[in-house]
Every structure is written in structure tokens, then in C-alpha cells.
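Trainee: Before I use these structural terms in my own notes, I would like to test each label against its criterion. Could we go through them one by one?

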Amino acid sequence: MKQRSRLRIILWVGLVTIIGAAAGASMGGWTGPEPQSREITVVAHQYAYDPPRLHVNVGDTITLKLHSLDVIHGFYLEGHDLDAEIRPQEKTFTVTHPSSGKETEEVESYTFKVNRRGKFRYRCSHTCGTMHPFMTGELIVGPNTPLHAGVGGMIGLFIGFMLALRKTGDGAGVADGGDATT
Ligand code: CUA
């Protein structure tokens, strides 16, 4: 019937779209865009960090700047061998690497690479007042594969579209197509 052939066309257009997107993505490289260099400034104050959450991707190089608005705060970053002391109203801060002893370094910024996915907490490591133990934030390192997400989203949209069509009544034609997409 007419309605069924129209559905067939819609199915084919959808499939071709997905295959085209997948082909384009594989030619462009499934690993996504090149790792980025990011300059991130974290401002510490009683009793929080601004921003409280940082989102980066594996492979990114981060240049971190730390400032304090009020008293001396610390910045200990889980999993990255980094501890810092941030003094108020100063451009520089002090960096130490807990694994290699007490040697400190006075810097305006600290550059490091994120090599592992995951969630890494940062917390204040300098007693700064009553709520000091609760002064925390988190660095979230994502997989750096936005293209996977894009293709997945497109397939999801297509499936949603088919489900919506199924609801409008012509079940048989859609069921055929549903098999073809798996
Ligand atoms: Cu800020 Cu302890």
C-alpha cells in the first residue's frame, strides 16, 4: 500500500543517514578531536572552589592557575601527585609533589597532562576555618570520544522516530524495518 512504501523510504533514508555518519566518523578518526590545551583558573575562598567541578578529556594538557580571595587555602588533587598552597591576593602559588618529598616550587601556573579517565577529587589541604574539611571539588576526565556519542545519538533519534511512527498505527511496515536496523 501507499503508506507502507512511504515508510520503506523513510527507513532507507534513516539507514543511509546512519551509515553515512558512521563512515564519516571513521574517516575522521574514531578517537575524536585532537587533545586540547586548556587554561583553567580555580578561585578558592571559604569554603569552596570556583568552579567546583572541572570537565576535561583524556589527553588534554591543563594549565592550572590558582587564586585565593580570602585566607590561605590548599589544593590537593587526587591521582595527580599535586598539592598546592594558595595565598590570598598573590599571583603565584606553591606546588609540591607528595610522592617526591617536600620540595616546593613557586609558580604562576602549573601545567600537567590528564592521562586517565575518571573522577578525581580536589580538596583543601590547608586548615582555613571551621568548614575546611568540606572544601572540595572534582576533576572529571572524560573519554574524548564525542563522535561516538554523536553517532549513538543519531541512532537513538532514528529509533525514537520509528517508535513514534509505530504509535501512529501502521505497525507491520515498521516491524520489518525494526529488524533491519539491528
Ligand atoms: Cu580552604 Cu582549608
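Trainee: Which residue is the bridge partner of K119 in β11?

Mentor: The partner of K119 is I140, and please keep in mind throughout that we are reading a predicted model. That bridge belongs to the antiparallel pairing of strand β10 (residues 118–123) with β11.

Trainee: What makes β10 and β11 a pair of strands?

Mentor: Pairing requires at least two bridges, and β10 and β11 are joined over six bridges, so the criterion is met. Strand β3 (residues 53–57) also pairs with β11, in the parallel sense and over five bridges, with V56 bridged to V141 of β11.

Trainee: Why is β11 described as largely enclosed by the rest of the structure?

Mentor: The description rests on burial, for which the relative accessible area must be under 20%; five of the seven residues of β11 (residues 136–142) are buried, and therefore the strand is called largely enclosed.

Trainee: Why is R87 called buried?

Mentor: Its relative accessible area is 16%, and the limit is under 20%, so R87 qualifies as buried. R87 lies in the loop between β6 (82–86) and β7 (93–96), where, beyond its sequence neighbours up to four places away, it touches S68, I72, T92, F93, T94 and E106.

Trainee: How do you know that the side chain of R87 makes polar contacts with the side chains of E90 and T94?

Mentor: The cut-off for the N or O atoms is 3.5 Å; the contact between the side chains of R87 and E90 is 2.9 Å, and the one between the side chains of R87 and T94 is 3.0 Å, so both satisfy the distance criterion.

Trainee: Why is D83 said to have no salt bridge?

Mentor: A salt bridge needs the charged atoms within 4 Å, whereas the nearest side chain of opposite charge, that of R123, is 7.1 Å from D83; the label therefore does not apply, although D83 is buried. The side chain of D83, which is found in strand β6, does make a polar contact of 2.7 Å with the side chain of S125.

Trainee: Which members of the largest nonpolar core touch the most other members?

Mentor: Those are L64, F75 and L139, in a core of 27 residues. Leaving aside neighbours within four places in sequence, the contacts of F75 include L64, L66, L82 and I86, and also D83.

Trainee: What makes D81 partly exposed and Q89 exposed?

Mentor: The exposed class starts over 50% and the partly exposed class lies between that and the buried limit of 20%; D81 has a relative accessibility of 30% and Q89 one of 66%, so D81 is partly exposed and Q89 is exposed.

Trainee: What is notable about the phi values of D81 and Q89?

Mentor: Most residues other than glycine have a negative phi. D81, in the loop between β5 (73–77) and β6, has a positive phi of about 50°, and Q89, in the loop between β6 and β7, has a positive phi near 55°.

Trainee: Which residues are joined by cis peptide bonds?

Mentor: One such bond joins Q46 and Y47, with omega about 0°, and another runs from D50 to P51, with omega near 5°. Y47 is in the loop between β1 (37–45) and β2 (48–50), and P51 is in the loop between β2 and β3.

Key:
Residues numbered from 1 in each chain as written. Predicted model: local features only at pLDDT ≥ 70, side-chain atom pairs only at ≥ 80, totals over all residues. Heavy atoms only, no water. Core = buried A, V, L, I, M, F, W, Y, C linked by side-chain atoms within 4.5 Å. Buried < 20%, exposed > 50% of the residue type's maximum accessible area, 1.4 Å probe, protein only. Contact = heavy atoms within 4.5 Å. Helix = DSSP H or I, 4+ residues; strand = E, 2+ residues; numbered from the N terminus. Polar contact = N/O pair within 3.5 Å; in protein donor to acceptor, adjacent residues only side chain to side chain. Lys, Arg positive; Asp, Glu negative; His and termini not counted.
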